Amino acid sequence: MKKIIAIASLTTLVLAGCAVPQQQILRSVPANPSPVETIEETAAPVDVAENYSSTSAKPLRLIEETIAREEAIALGEDASAPATTATSRPTSQAESKPTNSANEWLAACKSYTPGNSAGSPQVYTTIINDVCANTKLDYSLVKVVAGPTVDRAKLQQYVDSTVFVMSYWQSRTGLTLKPLTIVGFSEFDTDFWKKEVGSRVNVDIEYPGLSTAGGHCGYGDNIADAFCPKNYPSPVTKDGNIVLSLLLGSDVVINRFRHLVPAHEAVHMFQDSVGQSHYTVWYVEGQASLFEMALQRLFYGSTNRIEVLERARTDKNDFNPKNVQDVMAHLRECRVSGSDPCRGFRNGPGSAIHEKIIIDFGIDSYMKLMTVILEQKPLNSEEWMEGLLFRGFEATYSTEWWDWLETSAAPYLVKLYN
Ligand SMILES: [Zn+2]
């Protein structure tokens, strides 16, 4: 058995295979601390068809899983990319302000200097400062169930990132997030995975793989290299909380992309927790991508923002806007598209629209928007939940959503792309 690294801050770590009776494992899962809102649509943790159209008032099924599976590609997962360890932080930054903090993101905050902002606008500094000023770590948000052979240090790193991001959104919005259970395992822990994930969800589980719906999987020919987070959102879990199945192959290398996956996925945990995961797809993905890229700049001193923006140019519904009308057409066409036609649009232009909200109105009101959205009431039982976003936006900013898109966000995108 591999050496188990002592993790003082991880109070809920359950070491399966060690002397922890099953009863104790079960008791370690706390009761649901009154979720803010329950997502109404039925979610499937496997590949689901995007069986609603742009004319449908309400999506029939969640498309998060399709998105999750595809976004590894969309965001640039590349198995052939040179691997760098997640702790390969620029030496100059690490040496400038050493810290004893156990959570590497807090350490990054302490040593962060804005420096050259090439490649990302000033609003990234606004976000980074906000994240660093407002995050109160709450490790009770994440429970960890660790397989007998999973690499504890790599698992802990994933947990730390997730806790950091979920804590930020909880601290900043004042909303109560649902706890997340991370089941971490290696390729040698198949029985463990089957038992621990299977007992927590209401759907059939599928082992991670390249050609299955097992999650964002990134590896070459050898499953020992696998990195496969797979989210089971609250509608499909037995306790209504969120479960993450996380395969960390015994030889997995946590490169920069993989290091940032939890920074992105934990924003989706926030969205799922409070019932905001069923809005306009580019809104949902853009939010996760923007905050992921801000953390990328915080940790690494740069972002791949330009590259992420550029990918929209090669979508099937390619985004090469010449004017506001071109942008508006995409904003409407890509509202419900979780896959090919708008794959790059949702991450790149989607994130730029969130940038523009913060640029125009400030980050304080942006965070207030998250709660105002939830105070809105559906117009009728058939209304798609994005209607809450539209009305919440109007209530917060006294500006109609589509008017603002046309007069502010669309010109911003035209400028970015020309
Ligand atoms: Zn995403």
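**Close-up views of a predicted model**

**View 1. Helix α5 and its buried side.** The buried residues here are Y124, I127, I128 and V131 of α5. Looking down the axis of α5, you'd find these buried residues within an arc of 100 degrees, so they line one face of the helix. An α-helix has 3.6 residues a turn, so residues three or four places apart point the same way. Over on the other side of α5 sit Q122 and A133, and those are exposed. What covers the buried residues of α5? The cover includes α6, α9 and α13 (363-375). As for length, α5 takes in residues 122-134, and at 1.5 Å a residue its 13 residues should span 18 Å; the end C-alpha atoms are 19 Å apart, which agrees. Keep in mind for this and every other view that the model is predicted.

**View 2. Helix α9, one of the elements that cover α5.** Helix α9 runs over residues 281-300. Is α9 enclosed or open? It is largely enclosed by the rest of the structure, because 19 of its 20 residues are buried. Its length checks out too: 20 residues at 1.5 Å each should span 28 Å, and the end C-alpha atoms of α9 are 28 Å apart, which agrees. Have a look just past the end of the helix as well, where G301 takes a positive phi of about 85 degrees.

**View 3. Strand β3, covered on both faces.** Strand β3 covers residues 180-185, and 6 of its 6 residues are buried. In a regular strand the side chains alternate between the two faces of the sheet. On one side of β3 you'll see L180, I182 and G184, on the other T181, V183 and F185, and all of them are buried. Which strand pairs with β3 over 6 bridges? That's β5 (residues 242-248), and the pairing is in the parallel sense. To get your bearings between these two strands, find I182, which stands opposite L244 in β5.

**View 4. Strand β2 beside β3, paired in the parallel sense.** Strand β2 (residues 142-146) and β3 share 5 bridges. For landmarks, K143 stands opposite T181 in β3, and A146 has G184 of β3 as its bridge partner. How does the chain get from β2 to β3? It goes through helix α6 (residues 152-173), and this β-α-β crossover is left-handed. Strand β2 is mostly covered, with 5 of its 5 residues buried. Both faces are covered: V142, V144 and A146 are buried on one side, and K143 and V145 are buried on the other.

**View 5. S398, in the loop between α14 and α15.** This loop follows α14 (386-397) and leads into α15. Most residues other than glycine have a negative phi, and most peptide bonds are trans. S398 has a positive phi near 55 degrees, and this is a residue other than glycine. Is S398 buried or exposed? It counts as exposed, because it has 7 C-beta neighbours inside 10 Å.

**View 6. P411, a proline in helix α15.** P411 counts as partly exposed because it has 15 C-beta neighbours inside 10 Å. Look for V324 here too: its C-alpha atom and that of P411 are separated by 5.8 Å, although the two residues are 87 apart along the chain. Helix α15 (residues 401-416) also has the highest mean pLDDT among the elements of the protein, at 98.

**View 7. The whole chain, with its confidence scores.** The protein averages a pLDDT of 77, and 72% of the residues score at least 70. At the low end among the elements is helix α1 (residues 22-27), with a mean pLDDT of 26. Over residues 1-101 the pLDDT is below 50, and beyond near neighbours in sequence this stretch has 186 contacts in the model. In all, there are 15 helices and 5 strands. Of the 418 residues, 48% count as buried. Take the contacts between residues at least 6 apart in sequence, and 73% of them join residues at least 24 apart.

Conventions
Residues are numbered from 1 along each chain as its sequence is written. This is a predicted model: local features need pLDDT of at least 70, side-chain atom pairs count only at pLDDT 80 or more; totals for chains, interfaces and linings use all residues. A residue is buried if 20 or more other C-beta atoms lie within 10 Å of its own, exposed if 12 or fewer, and partly exposed in between; C-beta atoms are placed from the backbone. Helices (H or I, at least four residues) and strands (E, at least two) are DSSP runs, numbered from the N terminus. Two strands pair if DSSP finds at least two bridges between them. A crossover is right-handed if, with the strands pointing away from the viewer, the path from the first strand over the helix to the second runs clockwise. pLDDT is the predictor's confidence in each residue, from 0 to 100. Two residues are in contact if their C-beta atoms, placed from the backbone, lie within 7 Å. The expected span of a helix is 1.5 Å times one less than its number of residues. The arc is that of the directions from the helix axis to the C-beta atoms.
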